[in-house]
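Biologist: Could you walk me through the charged pairs and the greasy surface in this one?

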Number of protein chains: 2
Amino acid sequence: MLNDPGPGTTRSLGQLISELHRLPGIGPKSAQRIAYHIAQMPAEDARTLTDAITSVKDLILFCAECRNLTDASPCDICSNPQRNQDQICVVEESRDLVALERTRAFRGLYHVLHGVLSPLNGIGPEDIHLPQLFGRLQREDNPFRELIIATNSTLEGDATADFIHRRLNGSGIRITRLARGLPVGGTLEFADELTLSRAFSGRSELE
Amino acid sequence: MLNDPGPGTTRSLGQLISELHRLPGIGPKSAQRIAYHIAQMPAEDARTLTDAITSVKDLILFCAECRNLTDASPCDICSNPQRNQDQICVVEESRDLVALERTRAFRGLYHVLHGVLSPLNGIGPEDIHLPQLFGRLQREDNPFRELIIATNSTLEGDATADFIHRRLNGSGIRITRLARGLPVGGTLEFADELTLSRAFSGRSELE
């Protein structure tokens with residue numbers, strides 16, 4: 001259906017549907033719906049959209065320090081002297097950083113890996129921004145006393161956390177990981193067994 | 001969150017997220033995910049996407065006859081002498097036409113309304129492509145013997161079907177509507193009452 005738009009559709013619409021379908025989370029039905037919406041939106045709105053895409057492509061680069069997406073390097077966070085310079089939090093993706101920033105629970109620095117280790121998919125340490133992380137930690141003047149691993153609680157996220165932990169073990173830096181347990185508002189009844197056993201083994205003293 | 005991208009995001013990413021969020025079916029999370037994907041996709045892929053959008057905006061127009069979106073008017077269907085010239089099927093949106101074409105069940109002509117009557121939202125007959133439909137049917141040389149109403153089975157779709165029916169009643173043209181009933185593969189147990197009662201009243205003789 002995507003390569004041949006079929007009767008009733010035009011080549012240009014078929015092409016747009018196929019391009020939209022390549023974006024993450026956009027299935028063929030959504031792609032079609034969005035393409036028809038674009039075809040009928042005011043020309044200036046479509047222009048605003050293409051300008052926004054072009055402008056992101058023109059402006060966005062990796063921060064030389066934390067590898068977050070930024071339009072100035074070092075980024076706002078790395079160049080902010082108010083942030084705790086001795087804590088570094090490792091996340092998989094920029095949007096994980098954004099999610100953590102929204103909590104305001106962390107005021108240190110970050111490192112964005114842009115991926116996770118996944119031997120099955122042929123993704124090794126050199127394929128994500130791990131060498132840059134180790135580079136930062138190996139500098140003589142590095143200020144870090146704690147490295148907080150905030151990879152996802154998945155097989156790959158765990159493997160990446162293990163890899164970083166083994167690599168840095170004994171280097172003197174404190175290595176921590178985000179707590180796993182019941183989500184806030186979650187009930188025991190509906191928690192899966194692994195979450196429940198993690199919540200159990202990670203239980204803490206009531207004060 | 002959308003107007004203020006917040007810490008860790010840039011203004012250009014915030015702008016793109018906000019533009020993507022305006023597209024149908026794209027929530028704030030999807031918009032963010034797609035924006036970060038675009039920020040990291042190869043420049044030539046982003047260019048292909050913006051070109052596809054621009055090309056749709058440059059090329060697409062309404063067919064002067066059926067009002068379908070096309071890049072040449074009259075469209076492929078209206079100008080195809082192989083199609084039954086005496087049947088006209090009225091649909092709400094271009095994508096309904098595409099869905100019907102995919103079934104290959106109908107070989108006549110179409111009329112696309114680009115909307116439905118919705119008094120609550122202030123949408124009357126002049127706001128959708130109804131005058132053009134009546135214009136086609138009033139022409140002396142119009143070939144139509146059957147008008148098939150294929151609006152959705154919703155309140156607005158029904159109201160629009162009623163309106164067309166009342167307006168054309170007595171004009172000599174046969175007016176039909178798509179059958180309502182159990183979806184193929186559907187079970188009685190999970191059908192809603194209205195569907196079930198429609199399926200019942202529309203029952204047909206086994207031959």
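Modeller: A word on terms before we start: helices and strands here are DSSP runs, numbered from the N terminus, where a helix has at least four residues and a strand at least two. Please also keep in mind that this is a predicted model.

Biologist: Which residues make the nonpolar surface patch?

Modeller: Leu182(B), Leu188(B) and Leu196(B) form that patch, which covers about 240 Å². Leu182(B) sits in the loop between β6 (174–177) and α7 (193–201) of chain B, and with a relative accessibility of 34% Leu182(B) counts as partly exposed.

Biologist: Switching to charges, how many salt bridges are there over all chains?

Modeller: There are 16 over all chains. One of them joins Glu101(A) and Arg83(A), whose closest N and O atoms are 2.8 Å apart. Glu101(A) belongs to helix α4 (residues 94–103) of chain A, while Arg83(A) is in the loop between β2 (69–70) and β3 (87–91) of chain A, so the pair ties together parts that are 18 residues apart in sequence.

Biologist: And is Arg83(A) buried or exposed?

Modeller: Arg83(A) is buried, because its relative accessibility is 4%, and Glu101(A) is buried as well, at 5%.

Biologist: What about Glu101(B), which residue does its side chain meet in a salt bridge?

Modeller: The partner is Arg83(B), at 2.8 Å from N to O, and both Glu101(B) and Arg83(B) are buried.

Biologist: Which residues do shared salt-bridge partners join into one network?

Modeller: Glu19(A), Arg22(A) and Asp45(B) are joined in that way. Within this network, the side chains of Arg22(A) and Glu19(A) meet at 3.5 Å, N to O, and Glu19(A) is buried, with a relative accessible area of 9%.

Technical notes. Residues are numbered from 1 along each chain as its sequence is written. Chains are lettered from A and ligands numbered from 1 in the order in which they are written. This is a predicted model: local features need pLDDT of at least 70, side-chain atom pairs count only at pLDDT 80 or more; totals for chains, interfaces and linings use all residues. Side-chain values use heavy atoms; hydrogens and water are left out. Patches are made of residues with over 30% relative accessible area and no salt bridge: like charges are joined within 9 Å, nonpolar side chains (Val, Leu, Ile, Met, Phe, Trp, Tyr) within 5 Å. Accessible areas come from the Shrake-Rupley method with a 1.4 Å probe; for residues, only the protein chains shown count as cover. A salt bridge is a side-chain nitrogen of Lys or Arg within 4 Å of a carboxyl oxygen of Asp or Glu. Buried means under 20% relative accessible area, exposed over 50%, partly exposed in between (1.4 Å probe, protein chains only).
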